[in-house]
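Subject: the two-chain model

Hi,

Here is the model I promised to pass on. Have a look at it first, and then read my notes underneath.

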Amino acid sequence: MRPNPLAHAIIILNSPATRSIVSTSSQSPRSLSYRLGLAVVRGVDAADSPDWLVYDPRLDALVGPGHRMSELREWAVGADVSEHGGAPEELNVPLLDPRTPREYQREAVDRWLAAGRRGSIILPTGAGKTLVALMAIDELRTGACIVAPTRALVAQWFTQLADAFGVERVGAWYGDEKEVRPLTVTTYHSAFPLLERWGERFDLLVLDEAHHLADTSTGEARAWHDHLRIAPSSFRLGLTATYPDGQDSELRRLVGPVVYRRTIGEMTDVELARFATVKRYIRLSPDEEARYAALTETYERHVEEAGHRERAATAADAWRMFAASARRSPPARRALRAFHERERLVRLAAGKLAETERILRMHPAERAVIFCGGTDAAMAVSRALAIPMITATTPASERHALLRALDRGEIRAVASVRVLDEGWDVPAAKLGIVLGDSTRGSRRQHVQRLGRLLRKQGDAVASLYEIVAAGTYEFFAAQKRGAGVRRVSESQLGFGL
Amino acid sequence: MLTRAHVAPFLRVERGIVRVSYLSDSEGRVVPFLDRLCRLVTHLEGWPRDAVIEALRRQERRVRDATRLAGIAKALLDACDFAPPDGAEQAPAIRDAVFRARGSRWPPVPGDARVPYEIAAAERGSTTSDIERLLYADRPGARLLVRAARLDGKTLLARYNLELARAVLLDAERVRITARGGWRAIFGAVKLARLMHVIRRVGRSYEIELTGPASAFLVQPGRYGIRFARIIPGLAHARSWRIEAELRRDEGPVTFRVRGRPRPSLGTAPIGSVAHRTTHDSAWERSLATDFRKRIGSDRGGWQLSRETTPVAAGEELFLPDFTLRHADGREALIELVGFWTPEYLEAKARKVAAAHLDHLILVVYRGLAVGGAADALTASVGADRMVWFTKHPRAADVLRVAEQCARR
């Protein structure tokens, strides 16, 4: 391949140490702008600019990451550099919300304003984080991008924003729906292209369920920090009920510090519903039990023979070794299949369905959410009980309609996998039934599920039932996830039935 | 498109170079097996997608490497056509009827499990079994295989290997493409990908260097990888092509090289073309093309509007106008639509246009951008008589009026 004429320029781009040898085109006016995730400075000598800017030969300009636009704006004022490009949207309407903010909501917003309009607010589910965000938007009256983890939440935010500021000011950007308005709601999945193209229109970034931005995020969520890096928004607000303490260095750097925190235990029963948690144990049928034993035998025998547990330092490592071996080893593959089949058997155990019906009959007046361990289980519950199923692939409009119907009492229960674990808002739903978890005993998932039921509505008491197949691995998963809730229920409010 | 998980086991790094273990048929057993998979899928026409996937997975017992099979199955299914079953469009209404029927008879009691279905069937003049069958008929997994890919083992092998190479690009930070021929499709694909690109002439061919705009500041490798990978279908039109990509991995930067030659059996678009799905890369371009087709009339005054994928020399570099207007008498005008861009983009555009000395180039510019000196610079470079401003949608009539004045042979 012939020498690359850009090679020198690329070295410069990647090496800030050499930045002093370059300067942008002197013909360009002195300007600052945002382009495709970059803060772009033109017409300024490198020596006269902040030292963290680097030369980008593609643009013949000094560039920095988009999230440092606010620093550059301050620098530009004293450096005679004018800002070009799209300005943040203005929101010339007041907040129209009939709710009176509670004292702690006002206090949370005040602390956030005092902290430079950056930082995270931690409030229990049901404590009104959305209203806090609406109040923050109202304080700034500027374009805001609201990022939420699921489409269901996008639909919910859309409704709340439309009610509060007028539907003509609210847009949604995800999947096939891409409309940018002064207040635009998007998913974490879609936020990057939105902020890349339209970032300068939003001076405020609201990050719902901000615990998804923990340092330990895996898979696709790891890339979500990059949304914060390219966003030029000066002001940022993180909202969560389960803040990732100790795993928040990126959150602190890119969003700001924790500015306000209250836990379920600190809230009074004036602010959150009282709740009870109950475990119900069922037995597998004789056929299920025999199948469970056979599958366990297939799986355990292979794991023992392969010796993964002895050779690995941790249980997680042993699992990784086992899963990797299943790629090329037919016996390991059979064992892995047996493992998954066993989980499926427990998820779909006939006794769980019967027990669910019993619980629904015990609470005939309640609206219920049935949390399932997988789509197959949710489908089985939906078909057997003739109730709706909400999964990740349920269209946003249908989810929205179902949750509204649930709120109005036209339907009385929904089955869900993970998508209803967090963020949705049906105050009337006060009965939760956990048939399984998709995270093998995650406390966070369990607390989030409980939180769905805690929104205060009169004196209604929330009930969260767990149906556990006795004598299976699920017993231990239930113990593990229950630990988080015991801490809650033993504090001030919970009581056993 | 394959995922990183499909390709990861087949990558190894040797002295900074990524090597891919492509699937070969050295023992003569692979192609017959792939032939068999292709035949199997043909027999499964009419089956739901979930069942087809399960049937392919069950072939695991015939192979040593399950990840290979998963990748091959994905490549094969991506080439198949699926469609919703008959009546699937009724599914939302059926669900609504069933669930409301249950809501009005709450809570469920022993023996009434079928009652909501019977109520919904009576309401809709249907049968209970049809109601149960169609309840979730609109799920992706319920879509039916209506046309299996017409592939044989050799073609599937080539397609899978190309898909492996494509999946490697998911981790790319920078990609350089050189190719012989087929540039119209390649440039089209590059434009659609919204990457920063520099195009240079190399002898009688072109070289394109592609980069993600902000990749130097991001932590997650492969942020723009999917956009790089989308370029690959465009390469199918080239006589031969070569890609050199820089990847960021845990062990540091590494290089991946791949080259391709035509395979008559692959046809022109072996792995599905992006370009055929999205002809225009913005709503305004689509709007201009539609307006031209609908409003200008059948004879269109002798003018034809076509999507342009031949680059135009602009100083040291090349750029691609969006459309060409060609008249029956041989005159033509180039059209560049300037939509949602920053003043810097306009300035750069102005410099390019000035350098190109293209007096038959018409710029169609969104009025919302007419801010600051950039718009003035653009007008000065191009000339006010060759600019068409629009506020909502570009109008073909306005463009034609200017074209009549500036088109050249």
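Below is what I found, starting with confidence and then going through the chains.

Some housekeeping: this is a predicted model, so local features need pLDDT of at least 70 and side-chain atom pairs count only at pLDDT 80 or more, while totals for chains, interfaces and linings use all residues. Residues are numbered from 1 along each chain as its sequence is written, and chains are lettered from A and ligands numbered from 1 in the order in which they are written.

**Confidence**

The model scores ipTM 0.71 and pTM 0.71. Chain A averages a pLDDT (the predictor's confidence in each residue, from 0 to 100) of 82, with 82% of the residues at 70 or above. Within chain A, strand 11 has the highest confidence, at 97, and helix 1 (residues 7-14) the lowest, at a mean of 29. Helices and strands here are DSSP runs numbered from the N terminus (H or I, at least four residues, for helices; E, at least two, for strands).

Two stretches of chain A stay under 50: residues 1-26, with 34 contacts beyond four places in sequence, and residues 484-497, with 25 such contacts. A contact means that the C-beta atoms of two residues, placed from the backbone, lie within 7 Å. Chain B also averages 82, and 84% of its residues score at least 70. Its residues 263-281 are below 50, and that stretch has 38 contacts in the model beyond near neighbours in sequence. Where pLDDT is low, the predicted coordinates should not be read in detail.

**Chain A**

Chain A has 17 helices and 19 strands. Of its 497 residues, 49% are buried. For burial I count other C-beta atoms within 10 Å of a residue's own, again placed from the backbone: 20 or more is buried, 12 or fewer is exposed, and in between is partly exposed. Among contacts in chain A with a separation of 6 or more, 77% join residues 24 or more positions apart.

Helix 14 of chain A (residues 375-385) is worth a look. Its buried residues include A:Thr375, A:Ala377, A:Ala378, A:Ala380, A:Val381, A:Ser382 and A:Leu385. Among the elements covering them are helix 12 (330-347), helix 13 (350-362) and strand 15 (367-371) of chain A. After helix 14 of chain A comes A:Ala386, with a positive phi near 55°.

Two other non-glycine residues have positive phi: A:Arg117, at about 65°, and A:Glu209, at about 50°. A:Arg117 sits in the loop between helix 3 (103-114) and strand 6 (118-122) of chain A, and is partly exposed, with 19 other C-beta atoms within 10 Å. A:Glu209 is in the loop between strand 11 (204-207) and helix 7 (224-230) of chain A, where 23 C-beta neighbours inside 10 Å make A:Glu209 buried.

**Chain B and its side of the interface**

In chain B, helix 4 (residues 66-78) packs against helix 8 (residues 153-168) at about 105°, with the axes 9 Å apart. The axes are lines fitted to C-alpha atoms over the stretch in contact, and angles run from 0 to 180 degrees between N-to-C directions. That makes helix 4 and helix 8 of chain B roughly perpendicular (65 to 115 degrees; under 35 is roughly parallel, over 145 roughly antiparallel, and the rest oblique). Helix 4 of chain B brings B:Gly71, B:Ile72, B:Ala75 and B:Leu76 to the contact, and helix 8 of chain B brings B:Leu156, B:Arg159, B:Tyr160, B:Glu163 and B:Leu164. Helix 8 of chain B is largely enclosed by the rest of the structure, because 13 of its 16 residues are buried.

Which chain B helix gives the most to the side that touches chain A? Between the chains, 47 residues of chain B are in contact with 48 residues of chain A. Helix 5 of chain B gives the most to the chain B side, with seven residues.

One last detail: the peptide bond from B:Trp106 to B:Pro107 is cis, with omega near 0°. B:Pro107 is in the loop between helix 5 and helix 6 of chain B.

Cheers
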